[in-house]
Amino acid sequence: MSEEAEEVKRLLAFKKRLERRVEKLESELKELKSILEAVNSVLLAKGFKRAEIAKAPTLPAEVVPTKEEVAVQPSPMPEFKEVIPLKTASGESLAKLYVGDGFLKIVLAEDKNFNVNTPPFNQFLVERVLAKMQQKDGELARAGKLRPEEIFSYNIIRDGDIIREIHIKNFDAERLRELKSSVKWTLEKMYEKMKGQS
């Protein structure tokens, strides 16, 4: 066998080893990505349990923005497919809804300073809409019709009594419509009360 043929044989063997190595690394990368995805979903589930309205939520430091951070540095969130602005009839900005896959982030207009104690926030939005959705899913989960990680959950991010953001997980298109109209109606009523007091 000529020297050239020998070299080609060696190169072919080397190419095969390289291909096997690339294959191995690609499968390792795939595995690492799926592990990372699992860790992310566990973190998301742990970070977005229902907050108690009576006191500030106990969330990891990086999720609770301070007053200065709210405008400058939004909390880390999944990617959003759509942003829906909520405005009054006269065009006043109330909030923005950032819609992701099974995740909704409602960022309230900073210049309004919506107070958690202003009706109908607790009486309507929290008790009759958010808590009811969560309760319904809890019953479905107990009946075995829903996995625990699929239960509707919400978290209210506050700066003292001022509501900054509301994070919501696990909802369908119908609930999204209901949430959008309920949040808009609540904020409009709160804004009217706030204008009446000023």
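This section describes helices α3 and α4, the aromatic and cation–ring arrangements, and the surroundings of T88 in a predicted model.

Helix α4 spans residues 173-197. Its 25 residues extend 36 Å from the first C-alpha to the last, close to the 36 Å expected at 1.5 Å a residue. The buried positions of α4 are R175, L176, L179, S182, V183, T186, L187, E188, M190, Y191 and M194. An α-helix has 3.6 residues a turn, so residues three or four places apart point the same way. Such spacing recurs in the buried set of α4, which includes L176, L179, V183, L187, M190 and M194. The partners against which the buried residues of α4 pack are the strands β1, β2, β3 (103-108) and β5 (162-169), together with helix α3 (121-142).

Helix α3, in contrast to a straight rod, bends by about 35 degrees at A131. Residue A131 is itself buried, as are F121, N122, F124, L125, V126, V129, L130, M133, Q134, D137 and G138 of α3. The cover over these buried residues includes β4 (153-159), β5 and α4. After α3 comes G144, with a positive phi near 80 degrees.

Across the whole structure, 2 aromatic pairs were found. One of them, F124 with W185, is classed as edge-to-face because the ring centres lie 4.9 Å apart and the planes meet at 70 degrees. This pair joins distant parts of the chain, with F124 in helix α3 and W185 in helix α4, 61 residues apart. F124 is among the buried residues of α3, whereas W185 counts as partly exposed, with a relative accessibility of 39%. A tilted pair is formed by F152 and Y154, with 6.5 Å between centres and 45 degrees between planes. Both F152 and Y154 are buried.

Charged groups also sit over aromatic rings. The charged end of K105 is placed over the ring of Y98, at 5.8 Å from its centre. Likewise, the charged end of K112 lies over the ring of Y191, 5.4 Å from the ring centre; Y191 belongs to the buried residues of α4.

Residue T88 lies in the loop between β1 (80-87) and β2 (93-100). With a relative accessible area of 13%, T88 falls under the 20% limit and is therefore buried. Its side chain makes a polar contact of 3.1 Å with the side chain of S90. Beyond neighbours within four places in sequence, T88 is in contact with L94, E188 and Y191. Of these partners, E188 and Y191 are buried residues of α4.

Terms used. Residues are numbered from 1 along each chain as its sequence is written. Side-chain values use heavy atoms; hydrogens and water are left out. Helices (H or I, at least four residues) and strands (E, at least two) are DSSP runs, numbered from the N terminus. Buried means under 20% relative accessible area, exposed over 50%, partly exposed in between (1.4 Å probe, protein chains only). A polar contact is a pair of N or O atoms within 3.5 Å; within protein, one must be able to donate a hydrogen and the other to accept it, and residues adjacent in sequence count only if both atoms are side-chain atoms. Contact means heavy atoms within 4.5 Å. The expected span of a helix is 1.5 Å times one less than its number of residues. Rings of Phe, Tyr and Trp (its six-membered ring) pair if their centres lie within 6.5 Å; planes under 30 degrees apart count as stacked, over 60 as edge-to-face and the rest as tilted. A charge sits over a ring if NZ of Lys or CZ of Arg is within 6 Å of the ring centre and within 35 degrees of the ring normal. The bend at a residue is the angle between axes fitted to the seven residues ending there and the seven starting there.
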